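Hi everyone, thanks for coming. I'd like to walk you through one structure today, so have a look at the sequence and the picture first.

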Amino acid sequence: MSDVHQVEDLIRLFNGQFAASHNTRLVRGNHEPLYLPANAQTPFHQIIFAHGYYASALHEIAHWCLAGAKRRLLEDYGYWYCPDGRNAEQQAEFEKVEVKPQAIEWGLCVAAGKTFRVSTDNLNGVEPDRAAFSRAVLAQAVKYLQNGFPPRARQLMHCLQDFYQTPTICAADFAVEEYDVL
């Protein structure tokens, strides 16, 4: 783990931005990631990321940044997750819905000065076309750069840039050779 990218910093930064305004907290988990809306036992929404990994936290935050207000009231935003071991059809569906969150995750990584790695998340299933998926994520990241990242993503990106003292994000930050996407 990089000495610069401490998960405790990310938790503090995220919670400082969104705990009061969106009643949402970033929470270190011990198992698989999960989004839990507030309930009788926990009065705030939780983005629970896997095993204390910084990259997992950024990925789960990216999903939250995309989810609308109604989806944020549902466990895991109301989506069904097909686990590792997907067939070709299931993998294609997975990749279709993962393009936008992974493009946001890439922007968050750039803002934090952290390397981004595309994840096809199917180690025990059909061999995915990693290069094609990477190109799709790159294309979406460029669209976001041109048209604007979602508001919560943009807010956190600015916070990360301030904290890590990274420059304003530009197209050159999404150059494929700088990231492990192909």
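Let's start with Phe174. Not counting residues up to four places away in sequence, Phe174 touches Trp106, Gly107, Val110, Leu138, Ala141, Leu145, Phe149 and Ile169. By contact I mean heavy atoms within 4.5 Å. Phe174 sits in the segment after α5, and at 3% relative accessibility Phe174 counts as buried. The cut-offs are these: buried is under 20% relative accessible area, exposed is over 50%, and partly exposed is in between, with a 1.4 Å probe and protein chains only. One of those partners, Leu145, is 29 residues from Phe174 in sequence, and the two are 9.4 Å apart in space, C-alpha to C-alpha.

Now Ala172, which is also found in the segment after α5. Buried or partly exposed? Ala172 has a relative accessible area of 45%, so Ala172 is partly exposed. Ala172 and Val142 are 30 residues apart in sequence and 10.0 Å apart in space, again C-alpha to C-alpha.

Before going on, a word on what you're looking at. This is a predicted model, so local features need pLDDT of at least 70 and side-chain atom pairs count only at pLDDT 80 or more, while totals for chains, interfaces and linings use all residues. Residues are numbered from 1 along each chain as its sequence is written, and side-chain values use heavy atoms, with hydrogens and water left out.

In case pLDDT is new to you, it is the predictor's confidence in each residue, from 0 to 100. The protein chain averages 88, and 87% of the residues score at least 70. Over residues 178–182, though, pLDDT stays under 50, and the model has 21 contacts beyond four places in sequence for that stretch. Where pLDDT is low, the predicted coordinates should not be read in detail.

Okay, the overall layout. How many helices and strands does the protein chain have? There are 5 helices and 3 strands, and from the N terminus on they run α-β-β-β-α-α-α-α. Helices (H or I, at least four residues) and strands (E, at least two) are DSSP runs, numbered from the N terminus. Buried residues make up 47% of the 182 residues in the chain. Among contacts with a separation of 6 or more, 64% are between residues 24 or more positions apart.

Next, helix α2, residues 54–66. Its expected span is 1.5 Å times one less than its number of residues. For these 13 residues that gives 18 Å, and the end C-alpha atoms are 19 Å apart, which agrees. Of those 13 residues, 10 are buried, so α2 is largely enclosed by the rest of the structure. The buried ones include Leu58, His59, Ile61 and Trp64. What do the buried residues of α2 pack against? They pack against α1 (7–22), β1 (24–28), β2 (34–36), β3 (45–49), α3 (88–112) and α5 (151–164).

Keep Trp64 in mind, and let's talk rings. Rings of Phe, Tyr and Trp (its six-membered ring) pair if their centres lie within 6.5 Å; planes under 30 degrees apart count as stacked, over 60 as edge-to-face and the rest as tilted. A search of the whole structure finds 8 aromatic pairs. In one of them, the rings of Phe18 and Trp64 have their centres 4.8 Å apart and their planes at 65°, so that pair is edge-to-face. Phe18 lies in helix α1 and Trp64 in helix α2, so the pair ties together parts that are 46 residues apart in sequence. Both Phe18 and Trp64 are buried, and ring pairs link Phe14, Phe18 and Trp64 into a cluster.

Trp64 has a charged partner too. The charged end of Arg152 sits over the ring of Trp64, 4.6 Å from its centre. That label needs NZ of Lys or CZ of Arg within 6 Å of the ring centre and within 35 degrees of the ring normal. Elsewhere, the charged end of Arg25 sits over the ring of Phe44, 4.0 Å from the ring centre.

Arg152 takes us to α5, where Arg152 is one of the buried residues, along with others including Leu156, Met157 and Tyr164. What covers the buried residues of α5 includes α1, α2 and α3. Right after α5 comes Gln165, whose phi is positive, near 55°.

Last stop: Gln140, in helix α4 (residues 130–147). Gln140 counts as buried at 12% relative accessibility. Leaving aside neighbours within four places in sequence, Gln140 is in contact with Val99, Lys100 and Ala103. That's it from me, thanks!
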